[in-house]
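Me: I should like to study this protein through a series of questions. Please show the sequence and the structure before we begin.

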Amino acid sequence: MNDVIASHKDRDTLMEAPMQLKNDRYLRALMRQPVDCTPVWMMRQAGRYLPEYKATRAQAGDFMSLCKNAELACEVTLQPLRRFKLDAAILFSDILTIPDAMGLGLYFEAGEGPKFESPLSSYAQIDALAIPDPEDELGYVMNAVRTIRKNLNGEVPLIGFSGSPWTLATYMIEGGSSKAFTKIKKMAFADPRSLHLLLDKLADSVILYLNAQIKAGAQSVMVFDTWGGVLSPRDYKLFSLQYMHKIVDGLIREHDGQRVPVTLFTKNGGMWLESIAETGCDAIGLDWTIDIADARRRVGDKVALQGNMDPSMLYAQPERIEQEVELILDGYGKGSGHVFNLGHGIHLDVPPENAGVFVDAVHKLSVKYHQD
Ligand SMILES: Cc1c2[nH]c(c1CCC(=O)O)Cc1[nH]c(c(CCC(=O)O)c1C)Cc1[nH]c(c(CCC(=O)O)c1C)Cc1[nH]c(c(C)c1CCC(=O)O)C2
């Protein structure tokens with residue numbers, strides 16, 4: 001009942017959220033328009049490395065309760081922006097909301113990561129899965145998006161996100177995190193019909209989910225393909241990229257008169273940049289295993305690039321962090337089209353001050369790459 005009231009309230013008040021951004025360099029860089037300096041944000045910017053996050057999470061009880069409470073999800077989205085001069089906010093949620101809404105029973109076991117009560121193993125189970133209605137079973141995510149957009153008050157854009165079909169399928173079939181991915185690979189090679197049915201349903205679900213996030217106020221969207229890099233080149237195209245391509249084709253690309261840029265991130269996907277760029281995405285997220293100068297040479301002006309400092313570099317001394325930022329900025333070279341980021345999520349035991357050193361270094365050291 002309270003959720004219903006909150007959702008109507010948020011829908012009305014979103015009208016008050018300003019259209020014009022005070023800081024739009026994140027969106028400009030994704031569209032390769034001139035910027036004054038390189039924008040920066042961090043994946044898992046809200047997370048266990050911040051004491052204020054731990055306090056709010058304790059208040060919520062557990063991780064999913066935090067995701068399902070729009071006010072608290074908004075609070076943890078904004079916490080890192082109060083500490084650091086980030087150029088974008090990322091919705092606080094998780095990629096596993098879709099499988100949870102499909103009825104697989106998501107839970108988090110301390111120290112073991114996400115788990116599902118009912119993992120998938122047969123065609124019949126996959127055939128029986130329904131595509132979730134984003135404003136119903138996933139309505140709590142849309143409420144969070146509306147609440148965050150309103151509270152951001154036009155400061156910086158809000159990034160919405162989803163997992164890629166392949167990455168979501170790994171969790172749904174393995175039953176949680178995996179190292180060898182034997183169950184999903186067994187299905188891929190011994191029973192491809194079942195896996196393709198699942199991937200296709202997930203692609204349809206992701207399209208509906210991301211489009212609903214865009215309508216609720218997300219100004220840019222990202223698809224996280226955390227596990228695409230465990231496939232061979234041929235199987236990556238068949239089981240992962242094909243479905244991300246379908247998603248890019250199905251997304252709202254312009255909303256309220258503004259372009260909504262889409263970024264695809266495949267961890268360990270550096271060898272497939274040209275193919276990823278061909279999906280028609282606006283930007284590619286890079287992990288740290290590829291040289292950003294090579295990446296830019298290979299994609300040319302086709303897409304913007306996001307990345308790509310090793311998250312473990314945040315354990316280093318300030319001078320070493322600054323040196324690494326400079327090397328990456330120099331690798332990308334002059335001009336717009338680069339969003340600075342870590343190559344993956346921030347580690348939970350990183351000192352918060354080091355994240356601040358990183359963000360400030362990007363802004364300070366990048367100015368010269370955007371002059372004349
Ligand atoms: C694979 C994946 C997941 N979730 C996500 C991915 C794709 C990106 C990536 O590769 O990291 C994406 C994600 N997860 C979370 C966000 C929110 C935005 C942000 O802060 O960056 C985003 C964008 C919050 C979260 N999602 C999670 C946390 C930590 C939860 C906590 O303990 O408070 C956060 C802040 C939980 C989570 N959720 C997932 C894992 C593996 C874990 C870690 C579990 C553990 O180590 O105990 C699945």
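**Overall fold**

Reply: The protein has 16 helices and eleven strands, where helices (H or I, at least four residues) and strands (E, at least two) are DSSP runs numbered from the N terminus. The model is predicted: local features need pLDDT of at least 70, side-chain atom pairs count only at pLDDT 80 or more, and totals for chains, interfaces and linings use all residues. Residues are numbered from 1 along each chain as its sequence is written.

Me: What is the radius of gyration of the protein, and why does the protein count as compact as a globular protein of its length?

Reply: The radius of gyration is taken over C-alpha atoms, and the globule rule is 2.2 Å times the number of residues to the power 0.38. For 372 residues this rule gives 21 Å. The protein is as compact as a globular protein of that length because its own value is close to this, at 20 Å.

Me: What percentage of the residues of the protein count as buried?

Reply: A residue is buried if 20 or more other C-beta atoms lie within 10 Å of its own, exposed if 12 or fewer, and partly exposed in between, with C-beta atoms placed from the backbone. Of the 372 residues of the protein, the buried share is 48%.

**The ligand and its surroundings**

Me: Of the 22 residues around the ligand, which come nearest?

Reply: A residue is near a molecule if its C-beta atom, placed from the backbone, lies within 6 Å of it. Among the 22 residues around the ligand, those that come nearest are Arg44, Ala46, Gly113, Phe224 and Thr226.

Me: Which elements give two or more residues to the shell around the ligand?

Reply: The elements that contribute two or more residues to this shell are strands. They are β3 (113-116) and β4 (158-163).

**Two neighbouring positions**

Me: Is arginine 44 buried or exposed, or partly exposed?

Reply: Arginine 44 lies in the loop between α2 (25-30) and α3 (51-60). UniProt, in an unreviewed entry, lists Arg44 among the positions of a "binding site"; such annotations may be inferred rather than shown by experiment. Because arginine 44 has 18 C-beta neighbours inside 10 Å, it counts as partly exposed.

Me: Which residues does glutamine 45 touch, not counting residues up to four places away in sequence?

Reply: Glutamine 45 is also in the loop between α2 and α3, and with 27 C-beta neighbours inside 10 Å it counts as buried. Two residues are in contact if their C-beta atoms, placed from the backbone, lie within 7 Å. The residues that glutamine 45 touches are Pro80, Leu86, Ile90 and Ile346.
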